[in-house]
Amino acid sequence: MPCALCGDIIPTEVDRCPACGAWARRRDFRAVGVAVFMLLGFNAFVALGSGISLLRLARPLHGATHDSYDAAATGKALAPYADVFTIGTIMAAVTGLLYLTWLWRAFHQSPGPHRHHRAWVLLGWFLPVVNLWLPPRMVYEVWVNSGRYRTAERQAAGLVVVGWWACALLGLVLGRVFAHGSVETLADARLDVHVGVAAAAFQALAAALCMATVFQITRIQITR
């Protein structure tokens, strides 16, 4: 591989250019992959912690009655969790920017064939309707084109990508439903807490599955 700084050939077994000491491009790609992986892990940790805290909050509600239920106190207890989901969305957006940088590079390094132009790696996330189905398809193509896979392995990769995308969409929708939920009655409060737990679980699972895709694609492209 030629060095991006001086043009000298960098042997496969080393990470720095022998002539100028610059990092090889494959090492730079590995660093971005590790950064995305760690941010996704942090997102999963926050979502999982929120879900566990909401489960603890659900216990008093199960033992409450319509006479002992306090809507004002429950609303105050649930308000911070709505803020946590908002912060989680902001964190996911920041992680997504770095993820797009990683995916752009991974798409370029995958040998193909590709059904879509490289520009769709970015456009597919921002165009309405298209962003509901194109991003997971691009990730799947990058994954299966980065290595040699059997049919069963391609299907397994497809299940991981579909699971990640479905959990991400469900977590986003349920998080918004939770933030706008009602606690006027005991039944409403119980439902809102269950929706929040489900949203946190789906978000944590989505982050974990996305970590698996980042890890596998990065590993394959570096060792190829």
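Here is a friendly back-and-forth about how the labels on this predicted model follow from their definitions.

Me: How do you know what the numbering and the values rest on?
Reply: Residues are numbered from 1 along each chain as its sequence is written, and side-chain values use heavy atoms, with hydrogens and water left out. The model is predicted, so local features need pLDDT of at least 70 and side-chain atom pairs count only at pLDDT 80 or more, while totals for chains, interfaces and linings use all residues.

Me: What makes up the fold, in terms of helices and strands?
Reply: There are six helices and zero strands, and the pattern along the sequence reads α-α-α-α-α-α. Helices (H or I, at least four residues) and strands (E, at least two) are DSSP runs, numbered from the N terminus.

Me: How do you know whether the span of helix 5 agrees with its number of residues?
Reply: The expected span of a helix is 1.5 Å times one less than its number of residues. Helix 5 covers residues 151–179, which is 29 residues, so a span of 42 Å is expected; the end C-alpha atoms are 42 Å apart, and the two agree.

Me: Which stretches does UniProt mark as "transmembrane region"?
Reply: The UniProt record, an unreviewed entry, gives residues 31–55, 84–107, 119–136, 156–179 and 191–215. UniProt positions are in the numbering used here, feature names are shortened, and annotations may be inferred rather than shown by experiment. In the model, residues 84–107 are 100% helix and 0% strand, with end C-alpha atoms 33 Å apart. Residues 156–179 are also 100% helix and 0% strand, and their end C-alpha atoms lie 34 Å apart.

Me: Why is Trp-164 called buried or exposed?
Reply: Buried means under 20% relative accessible area, exposed over 50%, and partly exposed in between (1.4 Å probe, protein chains only). Trp-164 has 5% relative accessibility, so Trp-164 counts as buried. Other buried residues in helix 5 include Ala-157, Gly-158, Trp-165 and Phe-178. Across the chain, buried residues make up 36% of the 224 residues.

Me: What makes Trp-125 and Trp-164 a ring pair, and why is the pair called tilted?
Reply: Rings of Phe, Tyr and Trp (its six-membered ring) pair if their centres lie within 6.5 Å; planes under 30 degrees apart count as stacked, over 60 as edge-to-face and the rest as tilted. By this rule the count comes to eight aromatic pairs. Phe-37 and Phe-215 have ring centres 6.3 Å apart and planes at 50 degrees, so their pair is tilted. Phe-37 is in helix 1 and Phe-215 in helix 6, so this pair ties together parts 178 residues apart in sequence. The rings of Trp-125 and Trp-164 have centres 6.5 Å apart and planes at 50 degrees, so that pair is tilted as well. Trp-125 lies in helix 3 and Trp-164 in helix 5, so the pair ties together parts that are 39 residues apart in sequence. Ring pairs also link Tyr-99, Trp-102, Trp-125, Trp-164 and Trp-165 into a cluster.

Me: Why are Phe-37 and Phe-215 given the exposure class they have?
Reply: Phe-37 has 31% relative accessibility, so Phe-37 counts as partly exposed. Phe-215, at 44%, is partly exposed too.

Me: What makes Glu-141 and Arg-137 a salt bridge?
Reply: A salt bridge is a side-chain nitrogen of Lys or Arg within 4 Å of a carboxyl oxygen of Asp or Glu. The N to O distance for Glu-141 and Arg-137 is 3.8 Å, and their side chains meet in a salt bridge. The structure holds one salt bridge. Both residues sit in helix 4, and being four residues apart they are separated by about one helical turn. Glu-141 is buried, at 6% relative accessibility, whereas Arg-137 is partly exposed, at 31%.

Me: Which residues does Trp-120 touch?
Reply: Contact means heavy atoms within 4.5 Å. Not counting residues up to four places away in sequence, Trp-120 touches Leu-127, Val-130, Leu-134 and Met-138. Trp-120 is found in helix 3, and its C-alpha atom is separated from that of Met-138 by 8.2 Å.

Me: Why is Val-129 called buried or exposed?
Reply: Val-129 has 60% relative accessibility, so Val-129 counts as exposed. Val-129 lies in the loop between helix 3 and helix 4, and has a positive phi of about 70 degrees although it is not a glycine.
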